[in-house]
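Dear colleague,

I am passing on the structure below, and my notes on what was found in it follow directly after.

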Amino acid sequence: MSDELDFLSRHVVRGRLSRRDFLGRAAALGVSATFANSLLASAARAQGPVKGGTLKAGMQGGESTNSLDPASFLSQVPFNFGKCWGEYLCRLNRDGSIQNLIAEEIGASDDATTWTMKIKQGVEFHNGKTLTAEDVAATLERHTNEESKSGALGIMKGITGIKASGNEVIVELAEADADFPYLMADYHLIIQPNGGKDNPAEGVSAGPYKVVVNEPGVRYVGEKFANYWGGDAMGHADTVEIVVINDATARTSALQGGQVHMINRVEPKIVSLVERVAGVTIQNVAGRGFYPFNMFCDTPPFDNNDLRMALKLAMNREELLDKILFGYGSVGNDFPINEAYPLFPEGIEQRTFDPEAAAAAYKKSGHSGSIVLRTSDVAFPGAVDAAQLYQQSCAQAGITIEIKREPGDGYWSEVWNKQPFSLSYWGGRSTQNQFYSTALLSTADWNDTRWKRPEFDKMLLTARAELDEDKRKAIYRDMAIMLRDEGGVIVPFFNEFIDATTDKVGGYEKHPAAELMDGYALAECWVAA
Amino acid sequence: MKLIAQRIALGVLLLLAVSVLIFAGTEILPGDVAASILGQAATPQALANLREELGLNDPAIVRYFNWLGGVLTGDLGTALTTRQDIATTLMPRLWNTLFLAFWTAAVAVPLAVILGLLAVRYRSGPIDKAISGFALASTSLPEFFIGYLLILFFAVKLQWFPSISTVYDGMPFWQKIQAIVLPGTALLLVVLAHMMRMTRAAILNVMQSAYIETAELKGLSQFDIIRKHAFPNAIAPIVNVVMLNLAFLVVGVVVVEVIFVYPGMGQYLVDHVAKRDVPVVQAVGLIFAAVYISLNIVADIAAILANPRLRHPR
């Protein structure tokens, strides 16, 4: 049967059989439409990229206040469009490794404090100038400067010196960091002529597409850049277009009506409906973002680890995943890392809902009375419901939770990172080191669980400087177990990125780093025949 | 003529008063502009520099006149968020809004008046009831619901029109028209009932007058009576309600803009309010006020011209 399907799907790709006929015959062979569609997609990929045409995406996350200045990138549309026109030093592969782009080689000194990047020669900017090591150095300088207000400032803090020499850029770090290449893959670090110091928002870099239309909050168009250095690897369509569609219903209907070929952010509750639309494929991939319940480890009553453990054991993670994310996610294990990260520590025992053990731990903690949990609609979609479900499962363990619903306005300034027990969200970082440094180092501004353990900090710094991956993985494992058993964060689940594509899109391959193939969907997919 | 000149002068004065209100309103908002630009990364030195740069240290009255002077010379200032010139980013949005409003009105106004006349001609009969019933039902449904229904049937199922109405410079005229059919229809259904019912009520009011009875006794046909005698005397209230609805079409369509992804002024304003981009909010506020005031002046002038007693004051 599968031979026959393969045969048929190749026929479709060559245009000898219409898609509708194919689906009909596939159905006759007893194959579901979803599976048949995915067969078609893989046949199209085997056939190789198709050149030409216009690829259109409808996306949430664009405002009329957006700018093309990469330092200001925050929401999804600038992020995705940036991957079309911008060129980076390197990027993340699907397996968590690094692929070099403008940086031909990235090498460290033995102590991992001095990094040397060899810059590819003969790369041309959209304005005709040749990309030099000076441009790269200027770009890094601009994002290191406080005044640029760059979104990458946090990760650039450790850089103490940048200099260009010949075709190399040499970066000095204050402390050893084996993950330096991952920092350079940050989506803000688009290489611009003279680092964008002259005109940060002009939208000129060396990516596969030139910016031709820039209407913030409305629409962006990129046109194939004839002198793109990367050859055929990317930039298959002649034109790529992003239409900003912030309304979820409008986004879905634009996809259904064929006005756009791909969309981001399909809401979990409508995925099962969208799946049934002919020709539409749901592309969901496990991401690194999660929705934590944060406890302050230094504030009573949460300074008592028995109480923290009771609250962890009293959470029914499967139920929350099922009812809040409709299953589009994976259960958490009370440390903020999942298998989407490189060097993920496998095999740590999964924490499960255990009301008896929770009740015992609660009794041992000696706490009595109700515990206030703060939540709000803005914490994450469904955060109020999640708090209520949690209240119910805690009640089964004899723990009384009092839910305080806070107004959305001011939640991030008055509640999160201020109140001792609240709901929040975290987007992922590209490495474990980056995440731990942002959220769990004693001195981190965003240490939203007040987790202050000198031994944990020491492990983190050791891992950061360790160039041997096995040794680092072992340290990360110890850190994860420590957090799981003593930390202040309860992780109910990790969420998924849910995109949808029509059968006009060829070459879509899921990427765990971010939505729409880490933003490269428009540049790497093609218009299928 | 004197009356008309008076109305226009009053309108200009009113606009000035509104500009004071807008300026004062944004002035008493908590926090200052410099702090909202810099956000969490604000250091005292950076704040001081930026205040100096933006001229925030001058007294409010000086800043008001600087701003007003800029506005009068067509300089609306620079957006804080994008650092782009406000006039150049705002103008295309304004044109889009006016484009949609114009074509919606071009269909809605004649349609509403004709339906109103028909309803009067066949008053209390099935036609009148059907027209009123339909118009009231469509106006009672929230516009986002109408919008989604239109998308479901005409964009997704029948695929006659696009569901997203993103228009842009250089788009062929017919494509633009095709793109705004669905949002235009949604807006039409929202504003139709108000104008239609007002037309009907105003003409019916006139129909009670003695001279209509005379016309009937003269043996004129119902249509002639309505067209020649009743309608001209009912124009003033009709024009008023038409102008109110036109104003709504310009300033109140943010929901429809979001649903159909139409790049008009509403979404532009909302985005900038969310980011506290004060100069943009001021500029948009002023334009909205100007639209409202000028449409009302037009309504007044039309009423004056339609009324012989006002046209030839003794």
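In this predicted model, the largest nonpolar core (a set of buried Ala, Val, Leu, Ile, Met, Phe, Trp, Tyr and Cys residues joined through C-beta atoms within 7 Å, where buried requires 20 or more other C-beta atoms within 10 Å of the residue's own, with C-beta atoms placed from the backbone) has 218 residues, and those with the most contacts inside it are A:Leu89, A:Ile102, A:Ala310, B:Leu192 and B:Met195. Helix 8 (residues 173-207) of chain B gives the largest share of this core, 18 residues; helices here are DSSP runs of H or I, at least four residues, numbered from the N terminus.

Setting aside residues up to four places away in sequence, A:Ala310 touches A:Ala358, A:Ala361, A:Tyr362, A:Ser365, A:Ala397 and A:Ile399, contact being taken as C-beta atoms, placed from the backbone, within 7 Å.

Between the chains, 21 residues of chain A are in contact with 24 residues of chain B. On the chain B side, the elements that give two or more residues are helix 7 (143-157), helix 11 (254-260) and helix 12 (265-274).

Within chain A, the domain assignment, automatic or from a database, gives domain 1 (2-47), domain 2 (54-64 + 208-282 + 500-527), domain 3 (87-196) and domain 4 (292-491). The C-alpha centres of domain 2 and domain 3 of chain A lie 27 Å apart, and nine residues of domain 2 are in contact with seven of domain 3.

Residues are numbered from 1 along each chain as its sequence is written, while chains are lettered from A and ligands numbered from 1 in the order in which they are written. As the model is predicted, local features need pLDDT of at least 70 and side-chain atom pairs count only at pLDDT 80 or more, whereas totals for chains, interfaces and linings use all residues.

Best regards

Definitions and conventions: Two residues are in contact if their C-beta atoms, placed from the backbone, lie within 7 Å. A residue is buried if 20 or more other C-beta atoms lie within 10 Å of its own, exposed if 12 or fewer, and partly exposed in between; C-beta atoms are placed from the backbone.
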